[in-house]
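Here are a few exercises to help you find your way around a new structure. Try each one yourself, then read on to the worked solution.

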Amino acid sequence: MKKLSKGARTDLLTYAGVIIAFIIVSVLKANGGLNRSQTGLLVPICCYIVMAVSLNLTVGILGDLSLGHAGFMSVGAFSGIITAMSLANVIPSAPVRLMLAMIVGAFFAAVIGFLIGIPVLRLTGDYLAIVTLAFGEIIKELITCLLVGVDSEGLHIIFNVSGSKTANDLNLLEGGKVIIKGAQGATGTKTIASFTAGFILIMITLVIVQNLIRSRQGRAIMAVRDNRIAAESVGINVTKYKMMAFVTSAALAGAAGALFGLNYSNLAATKFDFNTSILVLVFVVLGGLGNIWGSIIATVVLYILPEALRGFASYRMLIYAIVLIVVMLTTNNPVLKTWREELRSKFGKNKNKEAKDA
Amino acid sequence: MTEGSLKNMNPPGTWEAGTPPTIKVKKDPLVPVTRTSYLPERDADKTPILECIDLGITFGGLKAVDNFNVAIGRTEIAGLIGPNGAGKTTIFNLLTKVYQPTHGTILLDGKDIATMSTAQVNRAGIARTFQNIRLFHNQTVLDNVLIGLHNEMDYGMGSAILRLPGYWRAERIAKERAMEYLSLFHLDQHAMDLAGSLPYGAQRRLEIARALATNPSLLLLDEPAAGMNPSETAELMENIVKIRDTFHIAVLLIEHDMSLVMNICEGIVVLNFGRIICKGTPDEIRSNPAVIEAYLGRKGAKKL
């Protein structure tokens, strides 16, 4: 059998790890090994894993710091909720509706990502970060103004900028249903999200992101990150590949948002604020920029940690913060880095290489 | 590379091993000819690969380059020399559209490149290296050349994500070709090393390999011998001539090492304060009083 390259091996191990984790958790869940609050964490964890992996595409692979990732999640969540709710009578099968909702969520997030990308990707560094932050807030405010209802005539949408209108102004017919109530957000959503759907979404995300990285497109994206001038000089269309990474990242966040939105019966747009963007960014940075499996592990650990610390009551966020600081310091400490490298070379992996060099 | 005969510098299996299977190599050897007109004789009846007409750029009132008129033959090795700050690298940046010319025309193979971007100019046929090496340091040597081969591959994003047969085929061919480019520069054994970990001379060679991978018809080398020792420079000289003879492309190089310039360039342009002060063969340049003055100053020139 042909020897796999290091990158391909890492990819396969990531898939394998996710599948094994899914099987273990599923078995635990079926045997009643998880209590109610633990089961409730499963879908959000899946969503945040997809968020972290997709943000890693922008921050780690493309190298542009985006602080508005929750905005795309928000677009995906609410377009997904509208899709699933308005099709409730047409398509009885919940998994099919969920899938459609995620596709529609991904589509709208991609469109918004493209529109935002046009001005944003002209910038670099801090400026880009600040503008993405602003766009994230704009999306949040716009969705807060939205009144949406559905009846037998179809969708009714009011864009309530003045704030003077209420759900009654939608003029729904008998049997109609309000889906989004402005600042209150989506209420009365049928929760059709499932852990299996989350697992499938993670796998699809991994396939898209990992295969993209190891293609000519991925190399071009990383070339732009490493040296923009050199990338241009070898004929790479910088704008095109920045946009490709940004829009792909937004679309995946949209799909994650749709799944997230359909996991709660009440969801307000304020959930997807700056804090959420930063939370996902913390997952990415802690897991390692450009490191996909690192993002997954960091998400799981950091998402479970505050819940696991509930016993410490009011000290839990303090402990969380301390853990963050300690992990950051130890992973980036040069002394510990060299120590880890030495450890790695001691345990075989580089033996072949040394033999070849000698 | 230690000293020795020139043949020993190139292990068998690289340049001498005949036509490599996938890189396009022209078979008929190029006979070096003396220059009688402004292009080498063998290129005289063909469109020049590069023609600059009254090219110039102004930075806020300062004429960095002015009235730059040059034609380069399709298989010529040309040199661009001049004292520091004469505007040599600025000209490279104009040719690759990193800077927009304030006036003048650049014709690449007879076509105006005025509306093209840097990336489009590369696809049209100009590849370059940089004075301060610009490699993708955190990526492997092989990946650096694969990035150079980017536009030689044609599969789309869908094929990449779904790993369709087109992806595997294009990737396999590209890897083979990348390894051939690397072996031309004796870098094949370092293919999996990080580009940033290579020694300085090897980084310069890798940059040339990456530029060649974009399949150019004109190669711009910005001080390729900077920081190299004499034996490395001698090898580089051999390589530049071989690149021209193997791929039948034109090379325009900026260099301060006069032995290199005078030995391999067929035509030389001397620049001072953004203006051409002399054009000609190495012999003509050597004896030109304006050139001597530019390099040694008026007093120094009088002493000679």
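**Exercise 1.** How many of the 5 residues of strand β3 (residues 177–181) of chain A are buried?

*Solution.* Keep in mind as you go that this is a predicted model. To call a residue buried, you need 20 or more other C-beta atoms within 10 Å of its own. Go along β3(A) with that cut-off and you get 4 of 5, so by the count of C-beta atoms around each residue the strand is mostly covered. Next, look for its partner: strand β1 (residues 146–151) of chain A runs antiparallel to β3(A), and 4 bridges join the two. To pin down one of these pairings, start from A:V150 and cross over to A:K177, its bridge partner in β3(A).

**Exercise 2.** Work out how chain A as a whole is built, and how confident the predictor is in it.

*Solution.* Start with the secondary structure: chain A has 14 helices and 3 strands. Now take its radius of gyration, 22 Å, and set it beside the 21 Å that the globule rule gives for 358 residues; the two are close, so chain A is as compact as a globular protein of that length. Its C-alpha trace spans about 85 × 55 × 45 Å along the principal axes. For the whole chain, 43% of the 358 residues count as buried. Then check the contacts between residues at least 6 apart in sequence: 76% of them join residues at least 24 apart.

Last comes confidence. The mean pLDDT of chain A is 88, with 95% of its residues at 70 or more. Residues 350–358 of chain A are another story: pLDDT stays under 50 there, and the model has 1 contact beyond four places in sequence for this stretch.

**Exercise 3.** Which strands pair with β3(B), and in what sense?

*Solution.* Find strand β3 (residues 77–81) of chain B and check its cover first: 5 of its 5 residues are buried. In a regular strand, side chains alternate between the two faces of the sheet. Sort the residues of β3(B) that way: B:I77, B:G79 and B:I81 point one way, B:A78 and B:L80 point the other, and all are buried.

Now for the neighbours. Strand β8 (residues 250–254) of chain B pairs with β3(B) in the parallel sense, over 4 bridges; here B:I77 has B:V251 as its bridge partner. Strand β9 (residues 267–272) of chain B is also parallel to β3(B), again over 4 bridges, and B:V270 is the bridge partner of B:I81.

**Exercise 4.** Where do the domains of chain B begin and end?

*Solution.* Chain B has 10 helices and 10 strands, and 41% of its 304 residues count as buried. Domain 1 takes in 42–125 + 216–304, while domain 2 covers 135–210. Their centres, taken over C-alpha atoms, are 28 Å apart. Where the domains touch, domain 1 of chain B gives 6 residues and domain 2 of chain B gives 5. On the domain 1 side, these are 3 nonpolar, 1 polar and 2 charged.

**Exercise 5.** How many residues does each chain bring to the contact between chain B and chain A?

*Solution.* Count each side in turn: 26 residues come from chain B and 22 from chain A. On chain B, the elements giving two or more residues are α2 (118–124), α3 (141–148) and α4 (157–162). Sorted by class, the chain B side has 10 nonpolar, 10 polar and 6 charged residues.

How values were computed. Residues are numbered from 1 along each chain as its sequence is written. Chains are lettered from A and ligands numbered from 1 in the order in which they are written. This is a predicted model: local features need pLDDT of at least 70, side-chain atom pairs count only at pLDDT 80 or more; totals for chains, interfaces and linings use all residues. A residue is buried if 20 or more other C-beta atoms lie within 10 Å of its own, exposed if 12 or fewer, and partly exposed in between; C-beta atoms are placed from the backbone. Two strands pair if DSSP finds at least two bridges between them. Domain bounds come from an automatic or database domain assignment. Two residues are in contact if their C-beta atoms, placed from the backbone, lie within 7 Å. Ala, Val, Leu, Ile, Met, Phe, Trp, Tyr, Cys and Pro count as nonpolar, Asp, Glu, Lys and Arg as charged, and the others, Gly among them, as polar. The radius of gyration is taken over C-alpha atoms; the globule rule is 2.2 Å times the number of residues to the power 0.38. pLDDT is the predictor's confidence in each residue, from 0 to 100.
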